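The exercises below concern the pockets of one protein model, and each is followed by a solution that goes step by step. Please look at the structure before reading on.

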Amino acid sequence: MSQFASDNYAAMHPEVLSALANLPAEPAGAYGADPTTASLTEVVRGTFGEQAQVYPVLTGTGANVVALSAMLPRWGAVIATEHAHLHTDENGAPERVGGIKVLPVAAPDARLTADAVRACAGDLGDIHRAQPLAVSLTQATELGTVYTPDQVRSVAEAAHAVGIAVHLDGARLANAAASLGCSLRAITTDVGVDVLSFGGTKNGAAIAESVIVLNPEAVHGMEFVRKAAMQLASKQRYISAQLLALLTDPAGAGEPLWWRNARHANAMARRLREAMVAVGQVRLTQPTEANVVFAEVSRRLAERLRNEHGQHFYDWAPGDRPDRVEVRWMCSWDTRPADVDELAAAVGALA
């Protein structure tokens, strides 16, 4: 059975698994006081800049909550799009765990703009309003769109001009960088991002996320916040090893693993989009800029794809009529061309 539900469904990449297996079977310092985490710190600084400090955590939600909790005072709020994962899909964790008010703004393509930041900034200083002291961008976005470096810089400049810090939810940062053909630093450190939630799980790891502080002045008490939020792993070296494998080139292929994995996932999404255009019976609803395809199909077709062809994917939103639905087909590092062709053939046969 092929699946296009989520890149969270993908297996651990063999090179990541090998990195774990090759860790010495002997004691090492707990809570990050180990050689593997020290190596990860050096690689992160080489990737994102000398000021960068990495804090491995267990989940993407945990990374977002820890990052924003360290960035905001008790009265602070975060500006995010209406589609932001931290607003729609983290079960209120920023509010429940971090006590953080999320200020959602409309964004048809899921990209936050400088104008939206300036509009929210009008509440600064109003004692009756939660203070918008951070913005959170998602890269790539929940709709599969990608911010260019100039778009990130525009938001960051607008935010910094009024004292607002910039967080980036980078669960799929690798896919965005591969789509743009640029380095991870080029769409984070170099364009004004202060704090990054850097994801590994969607790009070939098993349990490996992190908060990377790019601007030390943008956070306070990161070590304590991570512990209080239950995101400090005692045997942290096993998380660090996964991130280290992704950020380096364990197989000597000439390119870092994160790049190879993301490039492949993006290529499979482009292949799927082209196949659906050829089928001609689906309406593509969003651009395919990273590793996901959104399309509107009949509800009957979606049900038959699942029940008769064993395809697994999510309904995303209602269609333009009651009998239609927008679906999301997500590709990952282990999506095969044959998987894409199988889905496209099934859609063609049913349509």
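**Exercise 1.** Describe the lining of the second largest pocket by class.

Solution. By class, 9 nonpolar, 2 polar and 1 charged residues make up this lining, where Ala, Val, Leu, Ile, Met, Phe, Trp, Tyr, Cys and Pro count as nonpolar, Asp, Glu, Lys and Arg as charged, and the others, Gly among them, as polar. Among the lining residues are Val-65, Leu-72, Arg-74 and Ile-100. The largest share, 3 residues, comes from H3, a helix in the sense of a DSSP run (H or I, at least four residues; strands are E, at least two), numbered from the N terminus.

The model is predicted, so local features need pLDDT of at least 70 and side-chain atom pairs pLDDT 80 or more, while totals for chains, interfaces and linings use all residues. Residues are numbered from 1 along each chain as its sequence is written, and side-chain values use heavy atoms, without hydrogens and water.

**Exercise 2.** Explain where the largest pocket lies with respect to domain 1 and domain 2.

Solution. A pocket here is an open set of points on a 1 Å grid over the protein atoms alone, where a 1.4 Å probe fits, with protein on both sides within 12 Å along at least five of seven lines, and lining residues have an atom within 4 Å of a point. Domain 1 (15-247) and domain 2 (257-350), with bounds from an automatic or database assignment, both give residues to the lining, so the largest pocket lies between them. Of its 29 lining residues, those closest to the centre are Asn-8, His-85, Ala-171, Arg-172 and Lys-202. H3 gives the most to this lining, with 4 residues.
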